[in-house]
Amino acid sequence: MLDPNTVVSLAEISQYLWNDAIPKENQFFNGTIDPRKAQQLYIERCALQYGIEQGLSGLPGVSNYVYALCGAKLQLAIEILGTGNGGGGVIPGGGGNFSVFEYSTNAVEGTFTVYFPEAIGKRCVNAFRQGNNIGTILTSGTPTGNQVVWNKESASLTVAVAFYDEEFVRVVVQQ
Amino acid sequence: MALTPNFTASQSSGTPSVITLTDTSTGSDVTIASRRVYLLQSNGTFLVPAGNTTDYIEWDLVDTSISIDVLSQDSALSITVQWMSGIETVVTSKTISFAFTAYNQTFYYGLTESQVANANLTASSWWYQNKLILKVEIDSAIQAITFASDIYSAQAALNRATYISTNSSIFF
């Protein structure tokens, strides 16, 4: 089972993809198979987020249910979540719950953690460091290899391999 | 350093009747000898636990947080914490409004759980419509507090949400 937090991100991405696709289908194909898809994703994703926040029972089932609701947009959503782009660039936005924000900083030599105070409470959907590839973005534990750990409470990004002097680090976060 | 008063409030899905306040004040003031909490409702009355004989609830200074079992439904409250001197005068106070939504949020989550067990539930034309109305009412309450500390509008929205969740057989 996917991490429910990842499913939340996929649902958010799928929501805007569906929201964008439905008017196009209405215009070019005289209708759509499911005009309520974006609303459904919003409704169910909110429930999933509350379940995660409160650690409620039935979370795996609800998470899988929301995952399945992403439907035909799921693969594109996975691509966007994994790489930060796909089918078009992700433009840092300025409002709404689904906006993507980008923050960067320069690390101190020999340290393992950098902080992005403006990103407190947000989910990290992508990260970049100048001196190394970044692999899986964890939300807890200790990173190894090219893994990193994003702590949204402190908006910190921790790496396994120490930063070099003034190494450029960038994160892309969502609400 | 003078006391800068502050506190947070939280509520858990498992115990929705209980609100927990945590003192996050910084600094100190040697004149402070006691602390009390007022839970103002949108109807102008103070909410207190059963058996409490005053409008306020005593919050012992040695306790960083206090759990108050006081809610019977989702509520919007204007919470005032007062830090008192030994002669019972207010040294400083802080008032923050909160929307406590755990009852309806938990019900809302339960609807999705029901869908997981029986996906056909959403086939009825009113299922999503009413579920969305419920979500809008909950969000409206939160927004009324977030943007305007408006416990009256928030409570009205929560009352509408509560009507839906407590009459679920009509709506779902």
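What share of the contacts in chain A with a separation of 6 or more comes from residues 24 or more positions apart? Let's work through that and a few more exercises. This is a predicted model, where local features need pLDDT of at least 70, side-chain atom pairs count only at pLDDT 80 or more, and totals for chains, interfaces and linings use all residues. Residues are numbered from 1 along each chain as its sequence is written, chains are lettered from A and ligands numbered from 1 in the order in which they are written, and side-chain values use heavy atoms, leaving out hydrogens and water.

**Exercise 1. Get an overview of chain A.**

Step 1: Start with the opening question. The share is 66%, where a contact means heavy atoms within 4.5 Å.

Step 2: List the elements. Chain A has 4 helices and 7 strands; these are DSSP runs, with helices being H or I of at least four residues and strands E of at least two, numbered from the N terminus. Along the sequence the pattern reads α-α-α-α-β-β-β-β-β-β-β.

Step 3: Check burial. Of its 175 residues, 41% are buried (buried is under 20% relative accessible area, exposed over 50%, partly exposed in between, with a 1.4 Å probe and protein chains only).

**Exercise 2. Lay out a sheet in chain A.**

Step 1: Write down the strand order. Four strands make an open sheet, β2-β6-β5-β4 of chain A, with mixed pairing. Each of the edge strands, β2 (113–115) and β4 (137–138) of chain A, has a single partner, so one side of each lacks a neighbour in the sheet.

Step 2: Recall what pairing is. Strands of a sheet pair through backbone hydrogen bonds, either parallel or antiparallel. Here, two strands pair if DSSP finds at least two bridges between them.

Step 3: Zoom in on one pair. β5 (residues 148–151) and β6 (residues 156–159) of chain A are antiparallel, with 4 bridges. Asn151(A) has Ser156(A) in β6(A) as its bridge partner.

**Exercise 3. Do the same for a sheet in chain B, then place Ser34(B).**

Step 1: Order the strands. This open sheet of 4 strands runs β4-β3-β6-β7 in chain B, and the pairing is antiparallel. From one strand to the next, the twist averages 25°, using axes that are lines fitted to C-alpha atoms (for helices over the stretch in contact) and angles from 0 to 180 degrees between N-to-C directions.

Step 2: Look at β6 (residues 75–85) of chain B. It is joined to β7(B) by 10 bridges, and Met84(B) has Val90(B) as its partner in β7(B).

Step 3: Find Ser34(B). This residue sits in strand β3 (residues 32–40) of chain B. Ser34(B) counts as buried because its relative accessibility is 16%. Leaving out residues up to four places away in sequence, its contacts include Trp83(B) and Met84(B).

**Exercise 4. Describe the helices of chain B.**

Step 1: Place α2 (residues 125–148) of chain B. This helix lies across β6 and β7 of chain B, at about 155° to β7(B).

Step 2: See what α3(B) packs against. Its buried residues, among them Ile151(B) and Leu158(B), pack against β3, β6, β7, α1 (102–117), α2 and α4 (168–171) of chain B.

Step 3: Turn to α1 of chain B, where you'll find Gln115(B). With a relative accessibility of 0%, Gln115(B) counts as buried. Not counting residues up to four places away in sequence, Gln115(B) touches residues including Glu44(A), Tyr65(A) and Trp127(B).
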